[in-house]
Amino acid sequence: MQTERGRIIVQLIPQFVRLSKRGMAGWTVLIGSVIVVAVVGMTLLAPWIAPHNPIAINVGPIMAAPSSEFPLGTNHLGQDMLSRVIWGGSMVLQVALISVAMCVAVGVPIGLLASYAGGNTDKGTSLVMDSIYAFPGLVLAIAIAAMLGRGVLNMSLAIAVVYVPSYYRIVRSQVLTIKELSYVEAARALGAKSRSIILRYVMPNVVPSVVSVATINFADAILTAAGLTFVGLGLSVAVPDWGWDLTYGRQLLPAGAWWVIAFPGLMIVLLALGFTLIGEGLSELWSPRLEQ
């Protein structure tokens with residue numbers, strides 16, 4: 001196992017070196033990757049590095065300020081905030097991953113097929129997607145989550161419905177341009193079937209844009225998931241979650257317990273920032289103008 005890990009690290013080092021030589025865009029991807037890997041690694045190692053059970057109450061004094069014994073303090077139930085911060089990203093990352101997977105699985109094929117077909121198919125699909133896109137994202141997610149109820153899958157589905165139109169729009173804009181290019185016209189003239197043209201000539205050119213949107217969508221999904229939990233439509237209160245800590249931390253602010261809301265909020269911002277930096281950096285690296 002250690003040998004395999006060492007081999008992977010050795011293979012990644014040249015990639016990191018290449019990124020560092022690609023200017024500000026490369027450094028943006030590197031910094032974002034470091035942030036994301038650090039937070040994800042912390043979450044994966046939570047069972048071993050968390051000093052206390054994150055849902056155990058009265059492990060310390062109630063609303064104790066940060067100290068050497070409790071570096072991030074405790075909340076109104078005497079729960080260790082450091083343990084809750086370490087564990088809190090687990091469900092957020094699961095929701096974000098599932099929702100992004102749903103968005104890609106639905107938005108990309110619809111965008112490819114509808115825009116390539118054109119005509120009434122494209123117009124009708126665009127009308128539906130634009131109607132969904134017109135709603136404020138968080139409001140629509142709250143409405144769907146309220147109907148579906150709590151749970152990881154329900155939250156993921158509510159978030160996916162909100163962001164599927166983003167994938168459809170970016171794929172559609174790419175396909176409308178690509179399908180008119182000379183090599184696609186040549187393939188069509190030689191008798192290539194639509195399925196073959198889409199898979200061999202259109203889709204490979206769409207993938208970079210989808211990857212860029214997906215990384216930024218991770219950040220959006222994390223913020224939306226925290227927002228749903230904040231208004232009481234997220235996960236069970238028994239699950240350690242940054243969103244719940246924000247909810248209760250807001251109520252404790254008048255008592256001066258700033259640490260209950262500050263550290264979970266910082267983790268949400270940090271993780272969303274990491275994915276946003278990766279997405280923005282990749283979109284610049286894959287931009288033809290930047291290459292020129």
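**Note on a predicted all-helix chain**

1. At 3% relative accessibility, Asp-245 falls under the 20% limit and therefore counts as buried. This residue sits in helix α10, which covers residues 242-252. Leaving aside residues up to four places away in sequence, Asp-245 touches Met-81, Arg-84, Val-260, Ile-261 and Pro-264. As with everything in this note, these statements concern a predicted model.

2. As to overall architecture, the chain has twelve helices and zero strands, so that reading along the sequence gives the pattern α-α-α-α-α-α-α-α-α-α-α-α. Taken along the principal axes, the box filled by the C-alpha atoms is roughly 75 × 50 × 35 Å.

3. Of the 292 residues in the chain, 42% are buried. Where contacts between residues at least 6 apart in sequence are considered, 70% of them join residues at least 24 apart. The accessible surface of the chain comes to about 15100 Å², and carbon and sulfur atoms account for 68% of that area.

4. On charge, the chain carries 17 positive and 13 negative charges, and the mean positions of these two groups lie 9 Å apart.

5. Helix α6 can be checked for its length: with twelve residues (137-148) and 1.5 Å a residue, the helix should span 16 Å, and because its end C-alpha atoms are indeed 16 Å apart, the expected and modelled values agree. After α6 comes Gly-149, whose phi is positive, near 95 degrees.

6. Which residues of α6 are buried? They are Leu-140, Ala-141, Ile-144 and Ala-145. Around the axis these residues cover an arc of only 130 degrees, which means that they lie on the same side of α6. The cover over the buried residues of α6 includes α5 (119-134), α7 (152-178) and α9 (194-230).

7. The opposite aspect of α6 deserves a separate remark. On the face turned away from the buried side of this helix are the exposed residues Val-139, Ala-146 and Met-147. Taken together, α6 thus has Leu-140, Ala-141, Ile-144 and Ala-145 buried, while Val-139, Ala-146 and Met-147 are exposed on the face turned away from them.

Note on methods. Residues numbered from 1 in each chain as written. Predicted model: local features only at pLDDT ≥ 70, side-chain atom pairs only at ≥ 80, totals over all residues. Heavy atoms only, no water. Helix = DSSP H or I, 4+ residues; strand = E, 2+ residues; numbered from the N terminus. Expected span 1.5 Å × (residues − 1). Buried < 20%, exposed > 50% of the residue type's maximum accessible area, 1.4 Å probe, protein only. Arc of directions from axis to C-beta. Contact = heavy atoms within 4.5 Å. Areas by Shrake-Rupley, 256 points an atom, 1.4 Å probe, with all protein chains shown as cover. Lys, Arg positive; Asp, Glu negative; His and termini not counted. Charge placed at Lys NZ, Arg CZ, Asp CG, Glu CD.
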